[in-house]
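Student: I keep seeing words like "buried" and "salt bridge" in my notes. Can we go through how such labels are earned?

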Amino acid sequence: MSDSDDSAGPRQALPVDDTIVLSGPPSTAEEYLAFVRREAKACPSVVTSKTPLHSEANRESYLAKFSSTETHTSEALLPSPEWTNRFITHFRTSRQKLQQVIQSIAGPITQPSIPPMSDITAWRRILFSSQLTPTTSILARLDQVAVCTLLTLISDSFSEGEQTLNRHSAMWTFGLLCHLDDVIGRDVQASLRAIMRHCATVRATKTLPSDDLVADANMLITIISIHFRQGSL
């Protein structure tokens with residue numbers, strides 16, 4: 001969808017600087033918003049059937065899309081194989097760059113301050129509503145136990161109906177998935193599938209491909225279903 005078509009879609013809740021150039025994973029709220037906006041604009045307003053691509057994205061595209069009848073999702077909101085293939089490549093590159101940056105950090109990181117993992121109330125506020133974003137310096141302070149704990153907290157908040165996907169929680173989920181090991185246990189797999197189901201449910205309530213939450217949902221569904229191979233609902 002072109003810039004001239006934006007007037008037909010929802011207005012941006014926050015101003016987005018479209019001049020931002022990303023060389024790695026988004027490290028600030030502004031970079032993440034710019035990244036999602038770019039991905040949303042890259043999605044076609046109408047999905048058409050083309051000759052199947054011989055790619056991982058094509059072989060597993062149904063994992064990212066799900067059946068439109070299961071979630072009552074408009075075909076126009078589903079990611080195309082081309083988009084899926086391009087995005088999953090970008091995500092894997094972002095993961096590699098994030099790990100390289102984290103490994104290059106010398107000495108302990110103490111700022112900004114974060115609560116202990118035992119403070120569930122504080123972390124739920126951070127994940128869903130605070131102004132603290134998943135910067136590289138914060139992600140570097142989270143070991144794999146902490147990453148899994150926070151993803152489970154997001155999943156539980158969705159499943160229990162306490163929270164729903166918003167721009168802030170999508171940003172945190174994306175950052176945590178960038179930092180999550182490829183080898184994960186069954187409990188974490190269950191949490192990822194619950195997040196994926198919630199994203200599919202949120203996406204099904206939308207009507208316009210230009211909605212930023214559609215881009216958020218499609219990115220998280222694609223990451224979980226294809227990269228982490230959790231396509232089974």
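Tutor: Sure. Keep in mind that this is a predicted model. Let's begin with Asp182, which has a relative accessible area of 52%.

Student: Why is Asp182 called exposed?

Tutor: Exposed means over 50% relative accessible area. Asp182 has 52%, so it counts as exposed.

Student: And what makes Arg95 buried?

Tutor: The cut-off for buried is under 20%. Arg95 comes in at 11%, so it is buried.

Student: How do you know that Arg95 and Asp182 meet in a salt bridge?

Tutor: A side-chain nitrogen of Lys or Arg has to be within 4 Å of a carboxyl oxygen of Asp or Glu. For Arg95 and Asp182, the N to O distance is 2.9 Å, and that fits. This pair links distant parts of the chain: Arg95 is in helix α5, while Asp182 is in the loop between α9 and α10, 87 residues apart.

Student: How many salt bridges does a search of the whole structure find?

Tutor: Five. Another one joins Glu162 and Arg124, at 3.3 Å from N to O. Glu162 sits in the loop between α8 and α9, and Arg124 in helix α6, 38 residues apart.

Student: Why is Glu162 called partly exposed?

Tutor: Its relative accessible area is 44%, so Glu162 falls between the 20% and 50% cut-offs.

Student: What makes Arg167 and Asp216 a salt bridge?

Tutor: Their side chains meet at 2.6 Å, N to O, and the limit is 4 Å. Arg167 lies in helix α9 and Asp216 in helix α11, so the pair ties together parts that are 49 residues apart in sequence. Salt bridges with shared partners also join Arg167, Asp212 and Asp216 into one network.

Student: Why does Asp216 count as buried?

Tutor: Its relative accessibility is 0%, so Asp216 is under the 20% cut-off.

Student: Now α8. How do you know that its span agrees with the expected one?

Tutor: At 1.5 Å a residue, the 16 residues of α8 should span 22 Å. The end C-alpha atoms of α8 are 22 Å apart, so the two agree.

Student: What do the buried residues of α8 pack against?

Tutor: They pack against α6, α9 and α10. Among the buried residues of α8 are Val147, Leu151 and Phe158.

Student: Last one: how many disulfides are there?

Tutor: Zero. A pair of cysteine sulfur atoms would have to be within 2.5 Å. As for individual cysteines, Cys178 has 2% relative accessibility, so it counts as buried, and Cys199, at 0%, is buried too.

Note on methods. Residues numbered from 1 in each chain as written. Predicted model: local features only at pLDDT ≥ 70, side-chain atom pairs only at ≥ 80, totals over all residues. Heavy atoms only, no water. Buried < 20%, exposed > 50% of the residue type's maximum accessible area, 1.4 Å probe, protein only. Helix = DSSP H or I, 4+ residues; strand = E, 2+ residues; numbered from the N terminus. Expected span 1.5 Å × (residues − 1). Contact = heavy atoms within 4.5 Å.
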